[in-house]
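Reader: Hello! I am new to this structure and would like to learn how to read it. Could you walk me through it, one feature at a time?

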Amino acid sequence: MSSSTAVVKKKHVRFASVDNDDKHERTDEQEEDTLFDKRRDTGKRPRSAGKRTMKRGCDKQVLDGGRCGRGACGRWMITLTLCMSFLALGMSISVLGPTFEDLAVNVRKDISNISYVFFGRSVGYIGGSLFGGFLFDYVNPHLLLGFSLLITAFGMLAIPFCKQALLLTVFMSSIGMSMGVLDTGQ
């Protein structure tokens with residue numbers, strides 16, 4: 001349909017005003033072009049907010065809703081990966097409590113003498129949250145989340161083999177740091 005034969009719909013705008021004499025509300029009606037009518041008049045096609053072009057590396061890359069050509073399968077994979085990272089983060093945070101007695105036996109110390117492991121993990125968590133906030137501005141967020149998950153996984157695998165309390169605290173601090181980055185990125 002061409003723009004010359006199109007029926008232009010006008011938007012009715014009512015302005016309310018109060019009359020001082022009779023204190024009754026009266027309305028003034030005016031016609032106004034809507035936003036879509038104005039676009040139709042210019043003859044230009046509106047650009048969608050979800051699609052934008054960027055110049056980075058290649059001539060033009062069209063980003064459709066943030067998918068970057070991955071399609072619906074890619075979005076589901078990212079969603080599932082992020083959900084699994086939430087699960088891993090929750091398990092990593094909660095694993096220290098139930099295994100604390102066994103960790104004390106591994107390092108041949110009393111439970112009250114290695115309570116600083118909690119402090120080490122908390123300091124690492126705060127440091128990782130602060131450091132992760134800066135890193136997410138400069139690094140690909142999915143790559144950083146994956147790297148943090150790997151550090152957390154390797155740290156959790158190494159914890160049962162720690163035979164010294166200081167080494168256990170260092171591992172727990174590094175795990176806390178990677179968990180802080182994970183929590184900031186999610």
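Reader: Let me begin with one span: how far apart do the end C-alpha atoms of residues 76-96 lie, and what percentage of the span is helix and what percentage strand?

Author: Happy to start there, with one reminder: this is a predicted model. The end C-alpha atoms of residues 76-96 are 31 Å apart, and the span is 95% helix and 0% strand.

Reader: For which feature does UniProt list residues 76-96, and which other residues are listed with them?

Author: The unreviewed UniProt entry gives these residues as "transmembrane region", together with 116-136, 143-159 and 165-182. Take residues 143-159 as a second case: their end C-alpha atoms lie 24 Å apart, with 94% helix and 0% strand in the span.

Reader: Let me step back to the whole chain. How many helices and strands does the protein chain have, and in what order do the elements run?

Author: The secondary structure comes to six helices and four strands. Reading from the N terminus, the order is β-β-α-β-β-α-α-α-α-α.

Reader: What do the totals say about burial, contacts and surface in the protein chain?

Author: Each total describes the chain from another side. Of the 186 residues, 22% are buried. Among contacts with a separation of 6 or more, 54% join residues 24 or more positions apart. The accessible surface is about 13,800 Å², and 60% of that belongs to carbon and sulfur atoms.

Reader: How do I check the length of a helix, say helix 2?

Author: Compare an expected span with the one in the model. The expected span is 1.5 Å times one less than the number of residues. Helix 2 covers residues 71-94, so its 24 residues should span 34 Å; the end C-alpha atoms are 35 Å apart, which agrees. Helix 6 can be checked by that rule too: its 21 residues should span 30 Å, and its end C-alpha atoms are 30 Å apart, which agrees.

Reader: Which residues of helix 2 are buried, and what covers them?

Author: Here, buried means under 20% relative accessible area. In helix 2, that description fits Gly74, Ser85, Leu89 and Ser92. Their cover includes helix 4 (116-138), helix 5 (141-158) and helix 6 (165-185).

Reader: And what about helix 6: which residues are buried there, and what covers them?

Author: The buried residues of helix 6 include Ala165, Leu168, Thr169, Met172, Ile175 and Gly176. Ser178, Met179, Gly180, Val181 and Leu182 are also among them. Helix 2, helix 3, helix 4 and helix 5 are included in what covers the buried residues of helix 6.

Reader: Where is Phe171, and which residues does Phe171 touch?

Author: Phe171 is in helix 6. Leaving out residues up to four places away in sequence, Phe171 touches Ala158, Ile159 and Cys162. With a relative accessible area of 26%, Phe171 is partly exposed. You can also compare positions in sequence and in space: Phe171 and Arg121 are 50 residues apart in sequence, and their C-alpha atoms are 8.4 Å apart.

Reader: Which residues in helix 4 can I look at in that way?

Author: Val123 is one of the residues in helix 4, and Phe118 lies in helix 4 as well. Val123 and Met177 are 54 residues apart along the chain, with 7.8 Å between their C-alpha atoms. At 44% relative accessibility, Val123 counts as partly exposed. Phe118 is partly exposed too, at 32%. Not counting residues up to four places away in sequence, Phe118 touches Leu96 and Phe100.

Reader: Which residues form a nonpolar patch on the surface?

Author: Trp76, Met77 and Leu80 form one, with about 370 Å² of accessible area together. Met77 is in helix 2 and counts as partly exposed at 48% relative accessibility.

Reader: One last feature: where is Arg108, and what is its phi?

Author: Look in the loop between helix 3 (96-106) and helix 4 for Arg108. Its phi is near 55 degrees, a positive value in a residue other than glycine. Arg108 counts as exposed, at 70% relative accessibility.

How values were computed. Residues are numbered from 1 along each chain as its sequence is written. This is a predicted model: local features need pLDDT of at least 70, side-chain atom pairs count only at pLDDT 80 or more; totals for chains, interfaces and linings use all residues. Side-chain values use heavy atoms; hydrogens and water are left out. UniProt positions are given in the numbering used here, feature names are shortened, and annotations may be inferred rather than shown by experiment. Helices (H or I, at least four residues) and strands (E, at least two) are DSSP runs, numbered from the N terminus. Buried means under 20% relative accessible area, exposed over 50%, partly exposed in between (1.4 Å probe, protein chains only). Contact means heavy atoms within 4.5 Å. Patches are made of residues with over 30% relative accessible area and no salt bridge: like charges are joined within 9 Å, nonpolar side chains (Val, Leu, Ile, Met, Phe, Trp, Tyr) within 5 Å. Accessible areas come from the Shrake-Rupley method with a 1.4 Å probe; for residues, only the protein chains shown count as cover. A salt bridge is a side-chain nitrogen of Lys or Arg within 4 Å of a carboxyl oxygen of Asp or Glu.
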